[in-house]
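Please open the model in your viewer, choose a cartoon display, and keep the sequence panel in sight. The stops below each begin with something to select and then say what is found there.

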Amino acid sequence: MNSQLIDQLRLKLGVNGLPYEIPMHPILVHLTLGLFIIAILFDIAGAIFPLERSIFKFLGLTAIRANFFDVGWYNLLGASAVTFFTVAFGFFELLLANPPINQKSDWGLNASWTMLLHGLGGVLLLGLIVAMTVWRGLQRYYWRKDASRQVQWNYLLAGIAMLGILFVHGTLGGQMGSEFGIHVTAAKLLPEGANSNLLPK
């Protein structure tokens, strides 16, 4: 835990080691993930629309190919914006973390290495999501603005690869909470002998 930062900012930390009751980084992470996953899935759906058209017709659904690409674009734009806040809160909460010293995750990493990899990975992912947003914008407004398929196949492959990277990165973040108990209220109180029925609800 960075005691100098706490003193400088005059923070009053709660039981979870944060100046607020609910950690913000995990909430924003799930928003980023949801927006990005929806963006890629809808762009894939738009790209393979000719194969799906008969299914939509059979179900009586009126679907327009351009609408799939609109959903993909605006969700990716949202993911790009939200990720700045996700990373900012992540680093703030990382600076206030008080990880266990002699404990290893299922992947054989200690808490410090897990935090380091998760922090660096967050910055890398922010850069990749912004780069993909720029790439997607160029396709939408310049390169393929008159094409029926608004996205390139290599863009979709990059998006699928990003889903794999997000999975690995998210697993590291999950290990910080579930295995190391970083900023988890119960993980702080129970070892101290607190009655679980009296924990904050």
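Is Asn-75 buried or exposed? Select Asn-75 in this predicted model and display its surroundings: the residue counts as buried, because its relative accessible area is 16% and the cut-off for buried is under 20%. Asn-75 lies in helix α4, which covers residues 65-95, and, when residues up to four places away in sequence are not counted, Asn-75 touches Leu-35, Ile-38 and Ala-39.

Before going further, zoom out to the whole chain. The secondary structure comes to seven helices and zero strands, and of the 201 residues of the protein, 37% count as buried. Among the contacts with a sequence separation of 6 or more, 73% are between residues 24 or more positions apart.

Stay on helix α4 and select Leu-94, which is placed in that helix. Leu-94 has a relative accessible area of 19% and is therefore buried. Which residues does Leu-94 contact once its neighbours within four places in sequence are left aside? They are Met-115, Gly-119 and Met-176. Draw a C-alpha to C-alpha distance from Leu-94 to Met-115, and the viewer should give 7.3 Å for two residues that are 21 residues apart in sequence.

Next, select residues 24-47, which form helix α2. This helix has 24 residues and reaches 35 Å from its first C-alpha to its last, close to the 34 Å expected at 1.5 Å a residue. Colour its buried residues, which include His-25, Leu-28, Thr-32, Leu-35, Phe-36, Ala-39, Ile-40 and Asp-43; towards the end of the selection, Ala-45, Gly-46 and Ala-47 are also buried.

With α2 still highlighted, add residues 111-143, helix α5. The axes of the two helices come within 13 Å and cross at roughly 35°, and the crossing is left-handed. To see the contact itself, show the side chains of His-25, Thr-32, Phe-36, Ile-40 and Asp-43 on α2, together with His-118, Ile-129, Met-132 and Arg-136 on α5. Sorted by class, this contact has four nonpolar, three polar and two charged residues.

Keep α5 alone for a moment and look at its length. The 33 residues of α5 should span 48 Å at 1.5 Å a residue, and because its end C-alpha atoms are 45 Å apart, the expected and modelled spans agree. At the start of α5, a side-chain oxygen of Asn-110 reaches to within 3.2 Å of the backbone nitrogen of Ser-112.

Further along α5, select Arg-140, which is placed in this helix. Is this arginine, Arg-140, buried or exposed? Arg-140 counts as buried, because its relative accessibility is 12%. Its side chain makes a polar contact of 3.0 Å with the side chain of Asp-70. Leaving aside neighbours within four places in sequence, Arg-140 is in contact with Phe-69, Asp-70, Trp-73, Tyr-74, Lys-145 and Gln-150.

For the last stop, select residues 153-178, helix α6. Its 26 residues should span 38 Å at 1.5 Å a residue, and the end C-alpha atoms are 37 Å apart, so the two values agree. Finish by colouring the buried residues of α6, which are Tyr-155, Leu-156, Gly-159, Met-162, Leu-166, His-169, Leu-172, Gln-175 and Met-176; Met-176 was already met as a contact of Leu-94.

Definitions and conventions:
Residues numbered from 1 in each chain as written. Predicted model: local features only at pLDDT ≥ 70, side-chain atom pairs only at ≥ 80, totals over all residues. Heavy atoms only, no water. Axes fitted to C-alpha atoms, helices over the stretch in contact; angles between N-to-C directions. Helix = DSSP H or I, 4+ residues; strand = E, 2+ residues; numbered from the N terminus. Left-handed = near helix turned anticlockwise from the far one by under 90°. Contact = heavy atoms within 4.5 Å. Nonpolar A, V, L, I, M, F, W, Y, C, P; charged D, E, K, R; others polar. Expected span 1.5 Å × (residues − 1). Polar contact = N/O pair within 3.5 Å; in protein donor to acceptor, adjacent residues only side chain to side chain. Buried < 20%, exposed > 50% of the residue type's maximum accessible area, 1.4 Å probe, protein only.
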